[in-house]
Amino acid sequence: MAETMESPGGVYALCCRKSGTRLLCATVDMQKERQWFLVCQEEGRCPKRELEKEWTAYGPSAFVFEIVERVPKKQGQEPEAYRQGIETLKEFLAMQPFGCG
């Protein structure tokens, strides 16, 4: 039986190209989050409450999904440890000075 490949998690940013605002997010499934962002963008729905004001002001097309860092899951790693590791990475990256795209 073939093993299913999981999409690696990691840290991504939702960036507003008009204002320069960047919201860092952590996920255990990057592909799923990117798909959700694209669906929201297509339908005009804001994917994150923290961005609603700018989403309304600038529109969905002003936003981009940027992968900041992928984190592959180690063999045998517990799901909670994997999730927590990604969350810790996000907190570390949030302290670093860099902007969108």
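In this predicted model, R45 and E43 are joined by a salt bridge whose closest N and O atoms lie 2.6 Å apart. R45 itself is partly exposed, at a relative accessible area of 37%. This pair is one of three salt bridges found in a search of the whole structure.

Helix α3 offers further examples. There, the side chains of R83 and E80 meet in a salt bridge, with 2.5 Å from N to O. Both R83 and E80 belong to helix α3 and sit three residues apart, about one turn of the helix. R83 is partly exposed, with a relative accessible area of 35%, and E80 also counts as partly exposed, at 47% relative accessibility. A salt bridge also links E87 with K90, where the closest N and O atoms are 3.0 Å apart. E87 and K90 are likewise placed in helix α3, again three residues apart, or about one turn of the helix.

Turning to the sheet, three strands make up an open arrangement in the order β2-β1-β3, with antiparallel pairing. At the edges are β2 (22-27) and β3 (63-71), each of which pairs on one side only. From one strand to the next, the twist averages 20 degrees. Eight bridges connect strand β1 (residues 9-16) with β3 in the antiparallel sense, and Y12 has I67 in β3 as its bridge partner.

Two helices pack on this sheet. Helix α1 (residues 30-43) touches β1, β2 and β3, and its direction makes about 175 degrees with that of β3. Helix α3 (residues 79-94) also packs on the sheet and touches β1, β2 and β3, its direction making about 160 degrees with that of β2.

Definitions and conventions: Residues are numbered from 1 along each chain as its sequence is written. This is a predicted model: local features need pLDDT of at least 70, side-chain atom pairs count only at pLDDT 80 or more; totals for chains, interfaces and linings use all residues. Side-chain values use heavy atoms; hydrogens and water are left out. Two strands pair if DSSP finds at least two bridges between them. Helices (H or I, at least four residues) and strands (E, at least two) are DSSP runs, numbered from the N terminus. Axes are lines fitted to C-alpha atoms, for helices over the stretch in contact, and angles run from 0 to 180 degrees between N-to-C directions. Contact means heavy atoms within 4.5 Å. A salt bridge is a side-chain nitrogen of Lys or Arg within 4 Å of a carboxyl oxygen of Asp or Glu. Buried means under 20% relative accessible area, exposed over 50%, partly exposed in between (1.4 Å probe, protein chains only).
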